[in-house]
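Q: Please take a close look at one part of this structure, and follow it from its own geometry to its surroundings.

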Amino acid sequence: MSTNVTRENSQLAHSRGELMSKRKEPGSPSAALTLTAGLLGFALVCLDASIVNVALPAMGDSLGGGMTGLQWVVDAYTLAFAALMLSTGAFSDRAGATRAYALGAGLFTLASAACGLAPNLPSLIGARVVQGVAAAVVLPASLALVRQAYTDPARRARAVAVWAAGGSAAVALGPVVGGVLTTAWDWRGIFFVNLPVGALILALLVRAPRSRRRPAPLDLPGQVTAVVALTALTFAVIEGGTAGWAALAVAVVAAAAFLRVEARRPHPVVPLGLFRDRTVAVTVATGAAVSVAFYSMVFVFSLFFQQVQGRSALQAGLMFLPMTGLIAVTNVVAGKLAGRYGARLPMALGQGIAVVGLLVMLFVDAGTPPVVVALLLLPMALGCALTVPPLTAAMMDAVPAERAGLAAGVLNAARQMAGALGIAVFGALISDGFVAGMRLSLVISAALLAVTGLLSFRLAGPSASAA
């Protein structure tokens, strides 16, 4: 009997040990280390999506090229980032998130050095493409790492909120950092600053747990048609003219081919059935609308401060400083709101605030004091910051853990594609008359967010999110 009691006590102690291990796992040092590594990489690739905006006039003076060339400096990165992310999510699952992340971070660091050393505009645009390819690997792998490190849903929601806050803060901080580096050093400094951060990420990954590999077939025809469609559409918007119309025709044909391929492939790069889930469809649409508004407004107002109001790169960057601090705080609050009330409330509320903020900025013109413009940017930034963490958490909760890489790729590819197209469209609009084009851009952004805000309000309530 004593043997049985001893055995039962041993089993009970073992069960308690397993339970305590599971409880400690989400908050363990390895999980925190993984979150830190993932956050740094996500912040780095997001920083490079916006840090170049304030430096664009200096790049133009140094390397030549008008508005078209400057748009390609931004969109070469964003296009590669967006289009390849469709496959890199599956690549992350197939290779293991840790391995994929290390590969992407290493390539991104090398490409950043090439950008900083670029002797001319074509070389810079080419290096930006490589940067975008690496960023496409880093982003879904970083989110998959966080998703795998935190198994408890509540802790995972908070971890994803911190991860999202790091990326959003980096996007907002980009113009400030870009202005400081361009003024104190040179526009090349905005790329060289990536080198020590990339080295730190690789050092952290040495101690991070290794991710398991999962068979995930790559859809080459789907990936190729997606790249052709998106690149041709962006070319049509930026270049215009006869070549633009020809590119638009290519984009339409490639898009139709993409949908046909995806409907027939056994393992499509974008499973169209994924969008039958209302949460997935709404979060992807909302993420795209937020990216159009936020990325495009940072691009437009970075040029507005310098080209219309004649401010320096440093002054232009500092005008985004209030927005940066607000976003960093709001992202954390948004994560807590999503955990308590579900994703619907903060998403709908955030988009409503952003719509009001965008419409208020319609009164801005060349004579508006820069400080006033900086303050008027706050409602738009607040609304976007309230929206992003909940929609990211909702997307991750809507898919099983083993599909985290794919889901992250689809969501963020949609966001980056929308940002690239927004910059292309709004860049074309301001080329024909800056203030008038800026106001039309504001109206378009507000209309998109109004539609997705209504869709977000119809999502399932807190009970579904908690489940």
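A: What follows is about helix α3 and the nonpolar core that includes Met-59.

The model is predicted, so local features need pLDDT of at least 70 and side-chain atom pairs count only at pLDDT 80 or more, while totals for chains, interfaces and linings use all residues. Residues are numbered from 1 along each chain as its sequence is written, and side-chain values use heavy atoms, with hydrogens and water left out.

Helix α3 covers residues 52-63; helices here are DSSP runs of H or I with at least four residues, numbered from the N terminus. Between its end C-alpha atoms α3 spans only 14 Å, whereas a straight helix of 12 residues would span 16 Å, the expected span being 1.5 Å times one less than the number of residues. After α3 comes Gly-64, with a positive phi near 85°.

Most of α3 is covered, since nine of its 12 residues are buried, that is, under 20% relative accessible area with a 1.4 Å probe and protein chains only. Among them are Val-52, Asn-53, Pro-57, Met-59 and Leu-63.

Met-59 also belongs to the largest nonpolar core, which has 140 residues, and it is listed with Leu-124, Phe-301 and Met-323 as having the most contacts inside that core. Such a core is a set of buried Ala, Val, Leu, Ile, Met, Phe, Trp, Tyr and Cys residues joined through side-chain atoms within 4.5 Å. Helix α12 (residues 278-308) gives the most to this core, with 18 residues. Leaving aside neighbours within four places in sequence, Phe-301 is in contact (heavy atoms within 4.5 Å) with residues including Phe-320, Met-361, Val-373 and Leu-442.

Terms used. Helix = DSSP H or I, 4+ residues; strand = E, 2+ residues; numbered from the N terminus. Buried < 20%, exposed > 50% of the residue type's maximum accessible area, 1.4 Å probe, protein only.
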